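Take a look at the structure below. We will walk through a few of its residues and the links between them.

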Amino acid sequence: PAAAPASGVAEAPPRPDPNPPRRRASRAAGPLVALAALTVAGAVIEGGPSDWSALRLERLGAGPGTAALGFAAFAAGMLAGRLTGDHLTDRHGGVAVLRGGMALVAAGLLAGALVDHPVAFAAGLVVAGVGAAGLFPLAFSAAATTPGVAPGTGAATVSLAARLGFMAEPVLMGTLAELVGLRWAFAAVAGVAAAVAVAARRVLGPRVRLVGGDEGTIADPRTG
């Protein structure tokens with residue numbers, strides 16, 4: 001039988017992948033490292049008031065029973081922040097919520113450190129709790145939507161970083177308290193919150209949130 005005539009058109013060679021797996025992995029590593037650093041900072045921001053506020057109030061002259069209300073003040077502020085956080089994020093975006101929240105933390109803790117009075121410190125704890133409430137939800141949401149990273153991997157990375165941060169926080173706060181005093185250790189936590197506020201856009205970035213969660217849903221860019 002006669003051979004089939006050649007078409008005369010040569011097949012184009014396959015194009016190289018502009019984003020090979022190694023490059024995609026390196027691009028995903030940067031945002032994950034930034035989110036891990038954010039959660040470590042969040043552990044310090046939450047752990048400092050939770051672990052050390054009672055001791056600070058005792059040193060300001062509050063009785064043992066009253067000093068325990070320091071943690072309650074911070075927790076009450078966090079509850080209020082969590083109840084309103086989703087609405088604020090949907091309306092203003094995650095970057096704005098993180099930046100504003102960290103500004104509240106810095107202002108509340110710094111005011112409590114500068115005004116050496118138990119009532120001022122307790123009020124500052126409430127304000128700081130409101131501001132700190134949104135950090136971890138935003139970090140986990142960003143980790144689950146990081147391009148090139150499986151949601152489970154992103155969430156596990158953030159969770160591990162948070163655990164390490166909560167383990168390191170008592171050591172860091174205790175060391176600072178020994179070196180400069182507990183008052184200024186809280187001021188240092190305020191500085192951490194201020195640094196997070198400045199880096200909010202770089203850490204969260206112009207991310208998108210998937211509406212619904214099923215494959216093929218529409219991306220909502222309002223969180224960035």
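Start with Thr 89. Thr 89 is buried, because its relative accessible area is 12%, and under 20% counts as buried. This is a predicted model, so every value here is computed from predicted atoms. Thr 89 sits in helix 3, which covers residues 69-92. Leaving aside residues up to four places away in sequence, Thr 89 touches Gly 94, Val 97 and Leu 138.

Stay in helix 3 and turn to charged side chains. The structure holds 3 salt bridges. One of them joins Arg 82 to Glu 46, and the closest N and O atoms are 3.9 Å apart. Arg 82 lies in helix 3 and Glu 46 in helix 1, residues 21-59, so this pair ties together parts that are 36 residues apart in sequence. How exposed is each partner? Arg 82 is partly exposed, with a relative accessible area of 40%. Glu 46 is buried, at 13%. The bridge therefore pairs a partly exposed residue with a buried one.

Now follow helix 1 to Arg 56. The side chain of Arg 56 meets that of Asp 116 in a salt bridge, at 2.7 Å from N to O. Which parts of the chain does this pair link? Arg 56 is in helix 1, while Asp 116 is in the loop between helix 4 (94-114) and helix 5 (118-132). The two are 60 residues apart, and the pair links distant parts of the chain. Their surroundings can be read from the accessible areas. Arg 56 is buried, with a relative accessible area of 6%. Asp 116 is partly exposed, with a value of 45%.

Asp 116 has another partner. The side chains of Asp 116 and Arg 183 also meet in a salt bridge, at 3.9 Å from N to O. Asp 116 lies in the loop between helix 4 and helix 5, and Arg 183 lies in helix 8, residues 182-198, so this pair ties together parts that are 67 residues apart in sequence. Arg 183 is partly exposed, with a relative accessible area of 24%.

Put these pieces together. Arg 56, Asp 116 and Arg 183 are linked in a network of salt bridges. Asp 116 meets Arg 56 in one bridge and Arg 183 in another. Within this network, Arg 56 is buried, whereas Asp 116 and Arg 183 are partly exposed.

Technical notes. Residues are numbered from 1 along each chain as its sequence is written. This is a predicted model: local features need pLDDT of at least 70, side-chain atom pairs count only at pLDDT 80 or more; totals for chains, interfaces and linings use all residues. Side-chain values use heavy atoms; hydrogens and water are left out. Helices (H or I, at least four residues) and strands (E, at least two) are DSSP runs, numbered from the N terminus. Buried means under 20% relative accessible area, exposed over 50%, partly exposed in between (1.4 Å probe, protein chains only). Contact means heavy atoms within 4.5 Å. A salt bridge is a side-chain nitrogen of Lys or Arg within 4 Å of a carboxyl oxygen of Asp or Glu.
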